[in-house]
Amino acid sequence: MAAIIGHLLPLALGVALSSVPIVVMVLILLSPRSRWSALAYLIGAVVGLAGLTTLFAVVASLLPPVQPAEPNPLIATIELVIGAALLALAAVRFGRARSRARARRAAAPAAAGADADTPVAADVDAATDAAAPPAWMTRLTTLGPLPSLGVGFVLMLRPKNLLLTLAAGVAIAAGGAPLADEVGAGAVFVVLGISTLAVPILFALIDPTRTIGPLRELRDWIARNSSTVTTVVLLVLGTVIIGSGLTRF
């Protein structure tokens with residue numbers, strides 16, 4: 001099981017560092033109905049991640065079993081495709097971040113030429129400097145427990161998570177390990193992948209008054225840096241998975 005977990009650790013890190021689920025979690029925790037909505041959101045995320053991992057592991061178990069020391073071109077090809085897809089996602093994220101940066105730089109001269117005390121200049125400054133999440137995310141603060149459950153589940157179905165859980169399912173089932181080892185490794189993957197949601201939610205439920213400030217700071221930091229963090233994580237994971245695939249030929 002240790003060898004399987006070794007393959008799963010970078011994949012679980014990629015799931016754990018997904019910025020959108022974390023920002024949504026923060027928004028729900030800052031909402032008036034945070035207690036039950038946050039718990040429902042966490043349950044939905046756990047069910048979504050565990051269900052996807054189980055599904056992909058079952059599908060991967062249908063592939064012809066191969067001893068770990070033997071070449072496995074089929075698994076190698078799957079991992080190479082997943083790794084290439086992650087690198088492509090990283091390139092897309094990087095391109096979008098560059099486009100947004102150019103748009104902000106283009107808006108800066110107009111802001112500098114206007115009187116800083118006018119409402120127009122204030123609006124430009126707010127648009128270029130504010131570190132707020134998209135408008136559709138702010139509406140999540142009005143969700144109750146049942147919709148929050150659905151949001152937590154659906155966010156685990158994003159393309160990045162699909163690729164990472166597919167790679168995790170292949171890593172869990174392709175080695176032909178005993179069922180108990182596969183179940184244990186899958187549980188470790190889910191726990192680590194969901195940890196960045198579970199830990200803040202539990203702390204917020206235990207002591208909500210002390211977590212409001214840090215939650216707001218975390219929301220703003222992620223809004224400013226999510227593109228960079230996601231791009232780096234995708235690059236690292238794509239490279240690791242491609243390297244793993246090359247070793248299987």
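**Questions about E79 and a cavity**

Modeller: E79 counts as buried, because its relative accessibility is 5% and buried means under 20% relative accessible area, exposed over 50%, partly exposed in between (1.4 Å probe, protein chains only). This is a predicted model: local features need pLDDT of at least 70, side-chain atom pairs count only at pLDDT 80 or more, and totals for chains, interfaces and linings use all residues. Residues are numbered from 1 along each chain as its sequence is written, and side-chain values use heavy atoms, with hydrogens and water left out.

Biologist: What does the side chain of E79 reach?

Modeller: The backbone nitrogen of G245, at 3.0 Å. A polar contact is a pair of N or O atoms within 3.5 Å; within protein, one must be able to donate a hydrogen and the other to accept it, and residues adjacent in sequence count only if both atoms are side-chain atoms.

Biologist: Which residues does E79 touch, not counting those up to four places away in sequence?

Modeller: I241, S244, G245 and R248. Contact means heavy atoms within 4.5 Å.

Biologist: What makes the lining of the largest cavity 6 nonpolar and 3 polar?

Modeller: The residue classes do. Ala, Val, Leu, Ile, Met, Phe, Trp, Tyr, Cys and Pro count as nonpolar, Asp, Glu, Lys and Arg as charged, and the others, Gly among them, as polar. The lining residues are V15, A16, S18, P21, I22, M156, G193, T196 and L197. No charged residue is in that lining.

Conventions: On a 1 Å grid over the protein atoms alone, a cavity is a set of points where a 1.4 Å probe fits but cannot get out, and a pocket is an open set with protein on both sides within 12 Å along at least five of seven lines; lining residues have an atom within 4 Å of a point.
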